[in-house]
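The report below describes one protein chain, its fold, its charged pairs and its surface. Please read it alongside the sequence and the structure.

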Amino acid sequence: QLAVEVEDDGRGVGGDAAPGEGSGHGLVGIRERVALYGGVLRIGPRPEGGFEVNARFPLKDV
């Protein structure tokens, strides 16, 4: 299994978004790609504040 975890503390980086940011497919795109490879996705707020994205992918026997 391959696990990918991304967390933030919810404080942000300040300032306005750079040009072109926010033009992607965001969490919907992540969910689609994780499903494409048979993975499981968990997204949501962290109890201590901030947000987390947790993806787990099955690995094939080599």
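A salt bridge here is a side-chain nitrogen of Lys or Arg within 4 Å of a carboxyl oxygen of Asp or Glu. The model is predicted. By that cut-off, the structure holds 5 salt bridges. In one of them the side chains of Arg11 and Asp9 meet, with 2.7 Å from N to O. Side chains of opposite charge can pair when their charged atoms come close.

**Overall fold**

The chain contains 1 helix and 3 strands. Read from the N terminus, its elements follow the order β-α-β-β. Of the 62 residues in the chain, 18% are buried. The accessible surface amounts to about 5,200 Å², and carbon and sulfur atoms account for 56% of that area. Taking the contacts between residues at least 6 apart in sequence, 52% join residues at least 24 apart.

**The sheet**

How are the 3 strands ordered in the sheet? They form an open sheet in the order S1-S3-S2, with antiparallel pairing. Strand S1 (2-8) and strand S2 (40-45) are the edge strands, each pairing on one side only. On average, neighbouring strands of this sheet are turned by 5 degrees against each other, direction ignored.

Strand S3 covers residues 51-57 and is joined to S2 by 6 bridges, the two running antiparallel. S1 and S3 also run antiparallel, and 7 bridges join them. Some of the paired positions can be named. Val4 stands opposite Ala55 in S3. Val40 has Arg56 in S3 as its bridge partner, and Gly44 has Glu52 in S3. S3 is mostly covered, as 5 of its 7 residues are buried.

S2 and S3 make a hairpin with 5 residues between them. In the turn, Gly49 has a positive phi of about 105 degrees. Helix H1, residues 26-36, lies across S2 and S3 and runs at about 155 degrees to S2.

**Salt bridges**

Three of the salt bridges are listed here with their N to O distances.

| Pair | N to O distance |
|---|---|
| Arg11 and Asp9 | 2.7 Å |
| Glu48 and Arg46 | 2.4 Å |
| Glu7 and Arg46 | 3.9 Å |

Arg46 appears in two of these rows: Glu7, Arg46 and Glu48 are linked in a network of salt bridges. Glu7 forms a salt bridge with Arg46 in which the closest N and O atoms are 3.9 Å apart. Glu7 lies in strand S1 and Arg46 in the loop between S2 and S3, so this pair ties together parts that are 39 residues apart in sequence.

Which members of these pairs count as buried, and which as exposed? Arg46 counts as buried because its relative accessibility is 18%, and the cut-off for buried is under 20%. Its partner Glu48 counts as exposed at 55% relative accessibility. Glu7, at 48%, counts as partly exposed. In the other pair, Arg11 is exposed, with a relative accessible area of 70%, whereas Asp9 counts as partly exposed at 39%.

**The segment after S3**

Pro58 lies in the segment after S3. Its relative accessibility of 51% makes Pro58 count as exposed, since the cut-off for exposed is over 50%. Which residues does Pro58 contact, leaving aside its neighbours within four places in sequence? They are Tyr37, Gly38 and Gly39. Pro58 and Gly39 are 19 residues apart along the chain, and their C-alpha atoms are separated by 6.3 Å.

Leu59 also lies in the segment after S3. At 57% relative accessibility, Leu59 counts as exposed. Together with Leu2, Val4 and Val6, Leu59 forms a nonpolar patch on the surface. The accessible area of this patch is about 350 Å². Val4 is thus named in two places in this report: in the patch and opposite Ala55 in S3.

Definitions and conventions. Residues numbered from 1 in each chain as written. Predicted model: local features only at pLDDT ≥ 70, side-chain atom pairs only at ≥ 80, totals over all residues. Heavy atoms only, no water. Pairing = 2+ DSSP bridges. Helix = DSSP H or I, 4+ residues; strand = E, 2+ residues; numbered from the N terminus. Axes fitted to C-alpha atoms, helices over the stretch in contact; angles between N-to-C directions. Contact = heavy atoms within 4.5 Å. Buried < 20%, exposed > 50% of the residue type's maximum accessible area, 1.4 Å probe, protein only. Patch = residues over 30% accessible without salt bridge, like charges linked within 9 Å, V, L, I, M, F, W, Y side chains within 5 Å. Areas by Shrake-Rupley, 256 points an atom, 1.4 Å probe, with all protein chains shown as cover.
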